[in-house]
Amino acid sequence: MTLIAEYGTILLILACLFGFFMAWGVGANDVANAMGTSVGSRALTIKQAIIIAIVFEFLGAYLAGGSVTQTIRSGIIDADAISPDQMVFGMLASLLAAGTWLLVASIKGWPVSTTHSIIGAVIGFGAVGVSMEAVHWEGVTPIVASWIISPLLSGIVAFMIFISVHRLILDTEDPFANAKRYVPFYMFAVGFVVTILTLTKGLKHIGLNLNGWESLGLALVAGILVASLGVTLLSRIKSDPEADKTFHFASVEKVFAVLMIFTACSMAFAHGSNDVANAVGPLAAIVGVLHSGGEVASKSLVPGWVLLLGAIGIVVGLATYGYRVIATIGKHITELTPSRGFAAELATATTVVGASSIGLPISTTHTLVGAVLGVGLARGIGALNLRVIGTIFSSWVVTLPAGAILSIIYFFILSGIFS
């Protein structure tokens, strides 16, 4: 209490700096999950992908990021078992630890899970800096389960979407005509799914409470608008017989490239809504303690400016360093075309926004890799680069303990400096 009163302003400045650093890491490393498939399938250039991601990552983080933030902040650590000082220093240590690990991973080009990084960091300081009892281990269980469930679920969804693309379009007598006929329905699905999942639970923290029928109506309108815009864009695409001689589905993939713009937007929104929690959850906990004069509240509304800081940090990280991991994700797991990339992105966006709306902080990295694997498996195991997949899995295993160890070190350093 006395430490908070004495160093309150300094601690708040540090919290904002560390929170921004962590958000930068999310943008630099994890945003590849939103944009990698679009770039890898050549539907978008890296510059176009970054512009789309800047807009929709920001909107997702600011408008729909509040629900997951609660889980990170109050679902892992027992607020009653921890003193205000421990909460502030622990969350500062967690932000700095996770940010440090993401900086290292981004330099190396490893696509690691920012969710793993921050959860590992929070568990590390809670278990060692406070006590083993302070960690809500039962709250950790559904998060750990999501690391298996999310790639499995998105993989199955991506597999089914890609099989439907084959049945309705690619394996027909006139793939180009059928692409123009059926792609608007996929566009409707993109608009509808992301809208309804966001409206159902994602916007309550900004005071927008809609009932089920209102959400359904708005989602239908959004789906129809997206499909209508898509039909207008698709009408301009003409078949290219010369290109089709080289690659049988060249004209069809042009149609899917238009669709990829929509899935890229939804994927960026989904990513921002889920992963902003990794940066602003601990920051919101620190702000709550400092503003209340030392009370550790298990739940409170996330201040708008905290979400804004996280959203800006994500955008800056993406714009300055995101291109490295975008290239890794988009080109090295399996060969992607717009139709394959679309299936992976729609499956990932659905899984991530759905998890975000129920407050479960799943890993976008795991979800996307699961979806890309699902698309790859639809073409046979030989379509996958198993060596790259092995490296990605290895980096996932290291991330959780790395976050925990760094957090413990930083916690004792910070506690020593301000004691």
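**Figure 1. Ser106 sits buried, at a relative accessible area of 0%.** This is a close-up from a predicted model, and the residue belongs to helix α5, which covers residues 84–108. Within that helix, the side chain of Ser106 reaches back to the backbone oxygen of Leu102, at 2.8 Å. Skip the neighbours within four places in sequence, and Ser106 is in contact with Ala28, Asn29, Tyr321 and Arg324.

**Figure 2. Lys108, also in helix α5, is exposed.** Here the relative accessibility is 56%, so Lys108 clears the 50% cut-off for an exposed residue. Look across to Val325: 217 residues separate it from Lys108 along the chain, yet their C-alpha atoms are 9.0 Å apart.

**Figure 3. Trp24 and Tyr321 make one of the 7 aromatic pairs in the structure.** Their ring centres are 5.8 Å apart, with 50 degrees between the planes, and the pair counts as tilted. Trp24 comes from helix α1 (residues 2–30) and Tyr321 from helix α12 (residues 304–332), so this pair ties together parts that lie 297 residues apart in sequence. What about burial? Trp24 is buried, at 15% relative accessible area, while Tyr321 is partly exposed, at 22%.

**Figure 4. Phe188 and Phe192 form a stacked pair.** The centres of these two rings are 5.8 Å apart and the planes meet at 15 degrees, which is under the 30 degree limit and therefore stacked. Both rings come from helix α8 (residues 175–202), and being 4 residues apart puts Phe188 and Phe192 about one helical turn from each other. An α-helix has 3.6 residues a turn, so residues three or four places apart point the same way. Phe188 is partly exposed, with a relative accessible area of 26%, and Phe192 is partly exposed too, at 21%.

**Figure 5. Helix α15 runs through residues 386–418 and carries a kink at Thr399.** The bend is about 30 degrees and comes shortly before the proline Pro401. How far apart are the end C-alpha atoms of the helix? They are 48 Å apart, which agrees with the 48 Å expected for 33 residues at 1.5 Å a residue. A further view takes in Phe411 and Phe412, which join Phe125 in one aromatic cluster.

**Figure 6. Zooming out, the chain has 15 helices and 0 strands.** Of its 419 residues, 58% count as buried. Among contacts between residues at least 6 apart in sequence, 86% join residues at least 24 apart. The accessible surface comes to about 16100 Å², with 70% of that belonging to carbon and sulfur atoms.

How values were computed:
Residues are numbered from 1 along each chain as its sequence is written. This is a predicted model: local features need pLDDT of at least 70, side-chain atom pairs count only at pLDDT 80 or more; totals for chains, interfaces and linings use all residues. Side-chain values use heavy atoms; hydrogens and water are left out. Helices (H or I, at least four residues) and strands (E, at least two) are DSSP runs, numbered from the N terminus. Buried means under 20% relative accessible area, exposed over 50%, partly exposed in between (1.4 Å probe, protein chains only). Contact means heavy atoms within 4.5 Å. Accessible areas come from the Shrake-Rupley method with a 1.4 Å probe; for residues, only the protein chains shown count as cover. A polar contact is a pair of N or O atoms within 3.5 Å; within protein, one must be able to donate a hydrogen and the other to accept it, and residues adjacent in sequence count only if both atoms are side-chain atoms. The expected span of a helix is 1.5 Å times one less than its number of residues. The bend at a residue is the angle between axes fitted to the seven residues ending there and the seven starting there. Rings of Phe, Tyr and Trp (its six-membered ring) pair if their centres lie within 6.5 Å; planes under 30 degrees apart count as stacked, over 60 as edge-to-face and the rest as tilted.
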